[in-house]
Amino acid sequence: MPAMAIIGGQWGDEGKGKVVDYVAQKASMVIRFSGGNNAGHTVVNDKGEFRLHLIPSGIFYPGVNCLIGNGVVIDPGSLLEEVDHLNERGVDTSHLVISNRAHIIMPYHTLLDGIEEDARGDDALGTTRRGVGPAYVDKTARLGIRAGELLDKKDFLDRLRFVLNNKNQLLTKIYGAPPLVLEDIYDQYCAYGQRLAPFLRDVDQMVEEALQQGDLVILEGAQGTLLDIDFGTYPFVTSSSPVAGGACIGMGLSPRRIDIIVGVFKAYTTRVGSGPMPTELMDKTGSLIRERAQEYGATTGRARRCGWFDGVAARYSNRINGFTGLALTRLDVLDILPRISICTGYTLDGKPVDGFPASASIMSRCRPVLEELPGWEAPTSSIRRFEDLPPQAQAYVKRLEDVAGCPISLISVGPEREQTMVLSPLI
Ligand code: IMP
């Protein structure tokens, strides 16, 4: 069997956790390849509701190895809290494996994320303040500390001394903040290293072996394509590559290995944090969607901005990722609306715009061209076959396929595993 990537098609929070959970039963491995604990994946199963931030959503299946790849940045305190919480609720985590190449979020990263956001004032990006951006900055600046380094106490002390000296200059001289104490961080992170040691490995080889045995390997995306550092609405983006291409780099996997790429989209659009969102609804309908769907961030609790499905962004996302099929989530949220719109194009100063603009400032001036469809005003959450959906809901789904340019393989009408319709098998 091949490798399958499950990718957020919008601005994150599309319901990837549920889709991964649904297909993970057939897999031998689920891998997180980008982002950090800025992500929040909600999974509902027979053990209850879980919010995962770093641990792959396959953790609930004992036979499925759950890997955290080199492309992820790990806050060890947050990861170990997640492990403890899962264990307390009866979930075994012994099948968790962490790349020794993954970078570690250090206390100065979290501190700087907050300080830098505050310093941006009205231009703040609305980051999750989890230290994710600053950790990727250090990775690229070659000032990062990798998970495997925590195990060699002597080398770690030398490296931390050098890096912390640099960070303390920044904290004290630029931001007027107090310096951090070397010994405190060293002791805390050596202790983390001891607890992480049983999980740490060279993971790329494990993946290759699984693929050679013919196992299904799932690459679990975090965030979404429109938050990608290169292809998202820069600078209002995250600091990693949540797109399908990022899965190869964030794991050490050849592009030739990924045969199935599933794009996960909500039946409408949401976004947390700042930045352009042409289909945003600032009216009663936006609030109605937010309250009905409880659109509040799984990580920060912030209210999500809600709007119509953006077909321009979906087409773009499909092109960047090369989706082989789409998973449409939260269709049931729209059950109560008498009319539903889809954005099929943008205009700027009254003229049509070609494609998805690279510039966030141009994008913020784009207006959506909306196509209005009749709603179905009937409950769908207990429907299990596409043919049993109200005709207006079927027409809405078909129109989304047209504008996105990719067939919809799976529809979700609620958080439970069984609240899922399969239109065509993903595997
Ligand atoms: P950062 O990733 O914390 O640096 O935040 C940068 C931007 O990405 C902000 O707008 C965040 O709200 C957004 N973001 C980061 N992770 C997620 C996610 O998992 N879902 C939705 N938005 C996210």
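Q: What does the side chain of Thr238 make a polar contact with?
A: The side chain of Asn38, at 3.3 Å. Keep in mind that this is a predicted model.

Q: Okay, and where is Thr238 found?
A: Thr238 sits in the loop between strand 10 and helix 8.

Q: Is Thr238 buried or exposed?
A: Buried, with a relative accessible area of 11%.

Q: How far is a polar side-chain atom of Thr238 from an oxygen atom of the ligand?
A: That distance is 2.6 Å.

Q: And how much of the ligand's accessible area does the protein cover?
A: The protein covers 96% of the 470 Å² that the ligand has on its own.

Q: Which residues come nearest to the ligand?
A: There are 15 residues around the ligand, and Asp13, Asn38, Thr128, Thr238 and Arg302 come nearest. So Asn38 and Thr238, the two in that side-chain contact, are both on the list of nearest residues.

Q: What about Thr128, how far is its side chain from an oxygen atom of the ligand?
A: An N or O atom in the Thr128 side chain is 2.5 Å from a ligand oxygen.

Q: Which ligand atom does Gln223 go with, and at what distance?
A: A nitrogen atom of the ligand; a polar side-chain atom of Gln223 lies 3.2 Å from it.

Q: Switching to backbone stuff. Where is the cis peptide bond with omega near 10°?
A: It runs from Tyr234 to Pro235. Pro235 is in the loop between strand 10 (217-220) and helix 8 (244-249), and Thr238 is found in the loop between strand 10 and helix 8 as well. As background, most peptide bonds are trans.

Q: What is phi for Gln294?
A: Positive, about 50°, although Gln294 is not a glycine. Gln294 is placed in the loop between helix 9 (284-293) and strand 13 (305-307).

Q: And phi for Arg330?
A: Near 60°, again a positive value in a residue other than glycine. In general, most residues other than glycine have a negative phi.

Q: Where does Arg330 lie?
A: In the loop between strand 15 and strand 16. Arg330 is partly exposed, with a relative accessible area of 29%.

Q: What about Leu331, buried or exposed?
A: Leu331 is buried, at a relative accessible area of 0%. Its place is in the loop between strand 15 and strand 16 (339-348).

Q: How far apart are Leu331 and Lys266, in sequence and in space?
A: They are 65 residues apart in sequence and 7.4 Å apart in space, going C-alpha to C-alpha.

Q: Got another pair like that? How far apart are the C-alpha atoms of Ser57 and Arg32?
A: Those are separated by 8.8 Å, with the two positions 25 residues apart along the chain. Ser57 is found in the loop between strand 4 (48-52) and strand 5 (65-68), and Ser57 counts as buried at 0% relative accessibility.

Q: Now rings. How many aromatic pairs are there?
A: The count comes to seven. One of them is Phe265 with Phe323, an edge-to-face pair at 5.9 Å centre to centre and 85° between the planes.

Q: Which parts does the pair of Phe265 and Phe323 tie together?
A: Phe265 lies in strand 11 (residues 258-266) and Phe323 in the loop between helix 10 (311-321) and strand 15 (325-329), so the pair ties together parts that are 58 residues apart in sequence.

Q: Are Phe265 and Phe323 buried or exposed, and which cluster do ring pairs link them into?
A: Both are buried. Ring pairs link Phe265, Phe309 and Phe323 into a cluster.

Q: What lies over the face of Phe50?
A: Arg89, at 3.9 Å from the ring centre.

Q: Last topic: how many disulfides?
A: The count comes to zero.

Q: Why is there no bond for Cys66?
A: Because the closest cysteine sulfur, in Cys248, is 20 Å from the sulfur of Cys66, too far for a bond. Cys66 counts as buried, at 0% relative accessibility.

Q: And how far is the nearest cysteine sulfur from Cys406?
A: It is 18 Å away and belongs to Cys248, and Cys406 is in no disulfide. Cys406 also counts as buried, at 5% relative accessibility.

Notes:
Residues numbered from 1 in each chain as written. Predicted model: local features only at pLDDT ≥ 70, side-chain atom pairs only at ≥ 80, totals over all residues. Heavy atoms only, no water. Phe/Tyr/Trp six-rings, centres within 6.5 Å; stacked < 30°, edge-to-face > 60°. Helix = DSSP H or I, 4+ residues; strand = E, 2+ residues; numbered from the N terminus. Buried < 20%, exposed > 50% of the residue type's maximum accessible area, 1.4 Å probe, protein only. Lys NZ or Arg CZ within 6 Å of the ring centre and 35° of its normal. Disulfide = S-S within 2.5 Å. Near = heavy atom within 4 Å. Polar contact = N/O pair within 3.5 Å; in protein donor to acceptor, adjacent residues only side chain to side chain. Areas by Shrake-Rupley, 256 points an atom, 1.4 Å probe, with all protein chains shown as cover.
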